[in-house]
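Good morning, and thank you for the time. Please take a moment with the display before I begin.

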Amino acid sequence: MNTASSPAVLQAENPWLEAARMFVRNKSAVVGLLVLLAVVIASVLMPYIYPADPFEIAAAPMTPPFTEPDVWLGTDYLGRDVLNMLLFGGRITLLVGAVAALLSVSIGVTLGALAGFYEGNWFSSLLSRITEFFQVLPALLFAMVVTSLFSPTLVTVTIAIGIVSWTATARLTRAEFLRLRNIDYVRAERAIGAKNGRLIWQVILPNALPPLIVSATLAIGTAILFEAGLSFLGLSDPNQMSWGLMIGSSRAYVLTSWWAVTFPGLAIFVVVLAISLIGDGLNDAFNPKLRER
């Protein structure tokens with residue numbers, strides 16, 4: 001009897017396995033994950049299968065979609081292949097979104113962890129005031145100022161997005177640390193002489209990861225929207241194709257060549273929606289009350 005029940009016991013004791021099972025049961029989250037994987041694979045692999053310069057003139061300007069076999073999705077006002085621009089633009093948009101989200105989460109987790117762990121002294125108050133300062137700033141406007149002060153490259157755009165979008169993660173991390181810092185196993189580690197660095201990064205942080213993973217996932221969608229907004233306003237690298245740059249460069253021709261704006265807009269919508277579905281699925285999967293049900 002004990003042998004037969006041991007796998008179930010081990011499985012119940014593994015919260016990550018239970019979270020994975022809960023995520024798989026969420027159909028909308030699985031659909032979002034499959035859609036995101038499809039977009040990532042297409043953006044990474046298709047330019048090698050369908051090689052062409054996205055800035056190259058491919059056909060007559062404003063060729064409608066599905067009328068020419070060489071340009072399936074038509075051309076923009078300069079005659080550039082919209083499909084090729086989408087594929088290459090996806091690589092840049094997704095890369096900037098992922099790296100900017102990683103930077104944002106890194107800043108937010110670091111400051112939030114320190115503020116939560118040292119709650120009650122001047123250092124925590126200083127970090128809280130810094131977080132509040134960045135929180136009240138108009139994020140997009142601040143990112144525009146940062147990219148305008150420096151040359152608009154992928155690096156500056158990524159850094160600008162990262163330094164304006166970390167406050168939500170910082171507040172969430174601080175709340176988790178306030179909840180966990182006086183729990184029994186943390187007190188036990190402190191009683192046996194564990195230093196603050198170990199308590200923060202090796203004891204408390206691993207147990208605060210579930211909500212932070214959800215926050216990091218949603219931060220990717222936010223970063224993609226930020227990148228699209230900056231590119232639309234012409235504040236990104238003009239030599240790197242992105243979905244926002246496609247929309248911004250063709251916005252004056254939206255009535256005569258709607259496809260050049262619609263397809264990249266749909267791509268942004270689908271990817272951000274897929275990321276939101278994944279985030280909702282992760283949130284449900286890491287929710288212990290739902291797992292108990």
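Let me start with one position: in which helix does Val-214 lie? Val-214 lies in helix α11. Before going further, I should say that this is a predicted model, and I shall return to its confidence at the end.

Is Val-214 buried or exposed? Val-214 counts as buried because its relative accessibility is 9%, and the cut-off for that class is under 20%. Setting aside neighbours within four places in sequence, Val-214 is in contact with Gly-279, Leu-282, Asn-283 and Phe-286. In addition, Val-214 and Pro-15 are 199 residues apart in sequence, and their C-alpha atoms are 15 Å apart in space.

Leu-282 leads us to another position. The C-alpha atoms of Leu-282 and Val-24 are 9.8 Å apart, although 258 residues separate the two in sequence. Val-24 belongs to helix α2, which covers residues 15-25. With a relative accessible area of 57%, Val-24 is exposed, since the cut-off for exposed is over 50%.

Now to the chain as a whole. What are its elements? The chain has 14 helices and zero strands. Its C-alpha trace spans about 75 × 55 × 30 Å along the principal axes. Of the 293 residues, 42% are buried. Among contacts with a separation of 6 or more, 70% join residues 24 or more positions apart. The chain exposes about 15,400 Å², and carbon and sulfur atoms supply 68% of that area. As for charge, there are 18 positive and 18 negative charges, and their mean positions lie 14 Å apart.

I turn next to helix α10, residues 196-207. Does its length agree or disagree with what is expected of a helix? At 1.5 Å a residue, its twelve residues should span 16 Å, and the end C-alpha atoms are indeed 16 Å apart, so the two values agree. The buried residues of α10 are Leu-199, Ile-200, Val-203, Ile-204 and Leu-205. It helps to recall that an α-helix has 3.6 residues a turn, so residues three or four places apart point the same way. The cover over the buried residues of α10 includes α4 (82-117), α8 (167-180), α9 (184-191) and α11 (209-232).

One of these buried residues, Leu-205, deserves a closer look. Leu-205 counts as buried because its relative accessibility is 15%. Beyond its neighbours within four places in sequence, Leu-205 is in contact with Val-109, Phe-177, Ile-200 and Leu-212. By contrast, the C-alpha atoms of Leu-205 and Pro-238 are separated by 40 Å, with these positions 33 residues apart along the chain.

Helix α7, residues 154-164, offers a further case. Its buried residues are Thr-156, Val-157, Thr-158, Ala-160, Ile-161, Gly-162 and Val-164. They pack against α4, α6 (139-149) and α11.

Finally, the matter of confidence. The mean pLDDT of the chain is 87, and 94% of the residues reach 70 or more. Where is confidence lowest, and where is it highest? Confidence is lowest in helix α1, residues 2-12, at a mean of 46, and highest in helix α13, residues 259-285, at 93. Over residues 1-12, pLDDT stays under 50, and the model has four contacts for them beyond four places in sequence. Where pLDDT is low, the predicted coordinates should not be read in detail. Thank you for your attention.

Technical notes. Residues numbered from 1 in each chain as written. Predicted model: local features only at pLDDT ≥ 70, side-chain atom pairs only at ≥ 80, totals over all residues. Heavy atoms only, no water. Helix = DSSP H or I, 4+ residues; strand = E, 2+ residues; numbered from the N terminus. Buried < 20%, exposed > 50% of the residue type's maximum accessible area, 1.4 Å probe, protein only. Contact = heavy atoms within 4.5 Å. Areas by Shrake-Rupley, 256 points an atom, 1.4 Å probe, with all protein chains shown as cover. Lys, Arg positive; Asp, Glu negative; His and termini not counted. Charge placed at Lys NZ, Arg CZ, Asp CG, Glu CD. Expected span 1.5 Å × (residues − 1). pLDDT = per-residue confidence, 0-100.
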